[in-house]
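Reader: Please walk me through this model. Keep the cut-offs explicit.

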Amino acid sequence: MSTNPPDLRPDIAPKPRMAEPARAGQPTIGMVSLGCPKALVDSERILTRLRAEGYAISPDYAGADAVIVNTCGFLDSAKAESLSAIGEALTENGRVIVTGCLGAEPEYITGAHPRVLAVTGPHQYEQVLDAVHVAVPPSPDPFIDLLPARGVSLTPRHFSYLKISEGCNHKCKFCIIPDMRGRLQSRPAHAVVREAEKLVESGVRELLVISQDTSAYGVDIRHAEERGHRAHITDLARDLGSLGAWVRLHYVYPYPHVRQLIPLMADGLVLPYLDIPFQHAHPEVLRRMARPAAAAKTLDEIAAWRDVCPDLTLRSTFIVGYPGETEAEFQTLLDWLDEAQLDRVGCFQYENVDGARSNALPDHVPAEVKQDRWDRFMAKAQAISATKLAAKTGRRIDVIVDEVDDEAATCRTQADAPEIDGNLFIDEDFSSLKPGDIVTVEVEEASEYDLWGQIVG
C-alpha cells in the first residue's frame, strides 16, 4: 500500500504489466513502454500484432530475444529518459528496436546508440513488425498461440485505455507533438464503440478515453455517422456510457460544446470527471503559448458546469516558468487557481524541447525561479485538494478496487484516474475484495491526496 506522491508526473502511464509465460522454443519479445497512456495503447497494439504472429511477451530483458523500447519525446527530460532506457536495454539484452515519439528523430537516437537494430516513428506499427521479423523471425504454432479476446493488455484487466484519435491540430509553441504525430486523425465512431464493447465483454469495468484533443474528436471527418454511430464526442460519450462500464474522459479542451457533456455526467452515464489541460491563466502567457486566452470565461464555464453537475471533478495540468512569465503573471495563475478550486492538479516546470517554437522566445525564466514557482503552485494546489478531500469524510461513495495486498485494498473513487490521481484505501474487512470490484464505502479519513474508508451496505 502506498499513498500518492505530490510530484507525480502528470503525463505518465501506469507501469506495463507482462506476466505471460512462453512455450518452449517460442520467439520472445520484451517491451519497455515510456510516456503517456497514448503511447501505452500503441505498445498494446504492437504486442497484440506480435502475439497474433506467435511471439511471446517477456516481462524482463533476460528472457527476450529482442526488446522494443517505445519512447517519449514530450520534454527534453523525457528524451533523456528514453535514451537512458535504450542504453539499459542494450546493456541488458543487446538487441533493441526503438519506436514511439522520439523515433521521429532517428539521428538523435542512433547518434547516442548506434547499435540499435532499427528506429521507427510513432504509430508506425508495420515498420516495427518488419524490424522484429528481421531480428527475430516468427515461429507460430496455430494450435497453441491463441490471442486473447481483448488482445494484449498492459494494464490490469479491469480498466483499459481507449484511444479515439491520433494527432492534434493545435499549434502550441511549447509542444512538438503535432510534428511527431501529425494532424488530427479520428477513428470511426463505430470502430471505437465496437472496441469498447469487446473490452467490456472481456471484463473491463472502466474505459479511459484518450487522444491528444478529445474535444475535437470527429472534426476532421466532419462528424461522420456510420453504422448508427456519429463521430462527435457527445454522441460517443453517450454510446460508451450505455455499455455499463465507468467512462472517464481525458485531455478535453474547454470548447463551448463541452457543456453538452455535463448533463451526461449529472445523469450518471459517464463519470463526472473532466481532464482539461488549461496550462496557464494569464492571457498574455496564453498568447505567448499560442493558446486560447479566455481564462475569465473559463471560470464562468466551470461555474456553469458545477451548477449542472455539483459532483464534477476537474483535473488539469499547468506550466510554470514559461518564457517571459513575470511574477505578476504567475500571481494571476495562483489567484485563478484559488477561484477555480480545481480538484486534481499537475504541474510542469517549463523546459525547452528541441524543435519547439517557444525556445526562441525572449526572457527565459531562471531555473531557481521556476522551482520556486512550482513549489508555491503545488502548495496552493495541495491545500485546495486537502480541503476538498476533507469535505468527503462521512460521505458514502462508490470505488473501484485496483489492488489487494496484506495491508489494504487500494481503490479509486470516480474522481481518481489511475496513477495520476489519488487513492482510497480500505484497511479493514477487505480480504474478500478483488481487482475490478466496485463497492460502496463510507469515507472516514482524508489526507492531501488520498482517502481511507470502510465498506458499507
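**Sheet, cores and rings**

Author: Helix 4 (residues 125-135) lies across strand 1, strand 3, strand 4 and strand 5, and runs at about 175 degrees to strand 4. Axes are lines fitted to C-alpha atoms, for helices over the stretch in contact, with angles from 0 to 180 degrees between N-to-C directions. Helices (H or I, at least four residues) and strands (E, at least two) are DSSP runs, numbered from the N terminus. The model is predicted: local features need pLDDT of at least 70, side-chain atom pairs count only at pLDDT 80 or more, and totals for chains, interfaces and linings use all residues. Residues are numbered from 1 along each chain as its sequence is written, and side-chain values use heavy atoms, leaving out hydrogens and water.

Reader: In what order do the five strands of the open sheet lie?

Author: Two strands pair if DSSP finds at least two bridges between them. The pairing here is parallel. Strand 2 (56-58) and strand 5 (118-119) each have a single partner strand, so they stand at the edges. The order is 2-1-3-4-5.

Reader: Which helix packs on the sheet, touching strand 1, strand 3 and strand 4?

Author: Contact means heavy atoms within 4.5 Å. The direction of this helix makes about 175 degrees with that of strand 3. The helix spans residues 76-92 and is helix 2.

Reader: Is strand 1 largely enclosed or exposed?

Author: Buried means under 20% relative accessible area, exposed over 50%, partly exposed in between (1.4 Å probe, protein chains only). T28, G30 and V32 point one way from strand 1, I29, M31 and S33 the other way, and all are buried. Six of the six residues are buried, so strand 1 is largely enclosed.

Reader: What is the bridge partner of V32 in strand 3?

Author: Strand 1 and strand 3 pair in the parallel sense over five bridges. Strand 3 (residues 66-71) also has five bridges to strand 4 (residues 96-100). V98 in strand 4 is the bridge partner of V69. In strand 3, the partner of V32 is V69.

Reader: Which helix gives the most to the largest nonpolar core?

Author: A nonpolar core is a set of buried Ala, Val, Leu, Ile, Met, Phe, Trp, Tyr and Cys residues joined through side-chain atoms within 4.5 Å. The largest has 53 residues, and M265, L274, W305, W336, L342 and F377 have the most contacts inside it. Six of its residues come from residues 327-340, helix 11.

Reader: How many residues does the second, separate core have?

Author: This core includes Y55, V152, Y251 and I420. In soluble globular proteins, nonpolar side chains tend to be buried together. The second core has 32 residues.

Reader: How many aromatic pairs does a search of the whole structure find?

Author: Rings of Phe, Tyr and Trp (its six-membered ring) pair if their centres lie within 6.5 Å; planes under 30 degrees apart count as stacked, over 60 as edge-to-face and the rest as tilted. Y253 and Y255 have centres 6.0 Å apart and planes at 20 degrees, so they are stacked. The search finds nine aromatic pairs.

Reader: How far apart in sequence are the parts that F318 and F377 tie together?

Author: This pair is tilted, at 5.3 Å centre to centre and 50 degrees between the planes. Both F318 and F377 are buried. F318 lies in strand 14 (residues 313-320) and F377 in helix 12 (residues 367-390), so the parts tied together are apart by 59 residues.
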